[in-house]
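Reader: I should like to go through this model with you, one question at a time. Please show the sequence and the structure before we begin.

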Amino acid sequence: MNFCSSCGTPVKWAIPPGDNRERHVCNNPECGTIHYQNPRIITGCLPIYGNQVLLCKRAIEPRHGLWTLPAGFLENGETIEQGATRESWEEAKATLKLEQLYTMFDLPHINQVYFFYKAELVDMNFGPGEESLDVQLFDEQDIPWNELAFPVIEETLKYYFQDNKQQDFIFRSQVLTRSHLDR
């Protein structure tokens, strides 16, 4: 952030009075707006049909042309469940029954938190939405592991196929650092 969204004056990086961490603060003493920037929430689904997983091939940046689970930024006024369902419809035209919150990933170095729900495909009526080039069901051996868009997708899929063998699907929470993303 370079300029105050309230008055247009350049901002400085400072600890405001009564706070304990640096924030973007407007340099205009008449404005003085403190711009709080908080983590972005990404929500999505791990759509399952039998033992297969539904993946979407990205039609947008970042990672255009790579495979992902249907997910995206949470919108104001919606729950993470509603966001996961909406993103699955927008990207895969998939109707899902959410089963459980399955994985959560903290990426503090890029201010993001990801939530994925394990979900059952209600029917086989799915297809590419506006942000997808293709949508397909994959068995474990057919997953395009070297063409996955993000580490959180790879980790969620690994957990699923591991848990599927024991038929014991537990919630997982993990912190992913920059080293996980540099691949």
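Reader: In which strand is the place of His35?

Author: This is a predicted model, in which local features need pLDDT of at least 70, side-chain atom pairs count only at pLDDT 80 or more, and totals for chains, interfaces and linings use all residues. Residues are numbered from 1 along each chain as its sequence is written, and side-chain values use heavy atoms, with hydrogens and water left out. Helices (H or I, at least four residues) and strands (E, at least two) are DSSP runs, numbered from the N terminus. Residues 34-35 form the strand that holds His35, namely E3.

Reader: Is His35 buried or exposed?

Author: Buried means under 20% relative accessible area, exposed over 50%, and partly exposed in between (1.4 Å probe, protein chains only). His35 has 9% relative accessibility, so the residue counts as buried.

Reader: Which element supplies the largest share of the largest nonpolar core?

Author: A nonpolar core is a set of buried Ala, Val, Leu, Ile, Met, Phe, Trp, Tyr and Cys residues joined through side-chain atoms within 4.5 Å. The largest one has 26 residues. Elements that each supply at least two of its residues include strand E4 (40-49) and helix H2 (151-166). The largest share, six residues, comes from H2.

Reader: Where does Gln167, with its positive phi of about 55 degrees, lie?

Author: Gln167 is not a glycine, although its phi is positive. At 54% relative accessibility, Gln167 counts as exposed. Its place is the loop between H2 and strand E11 (172-175).
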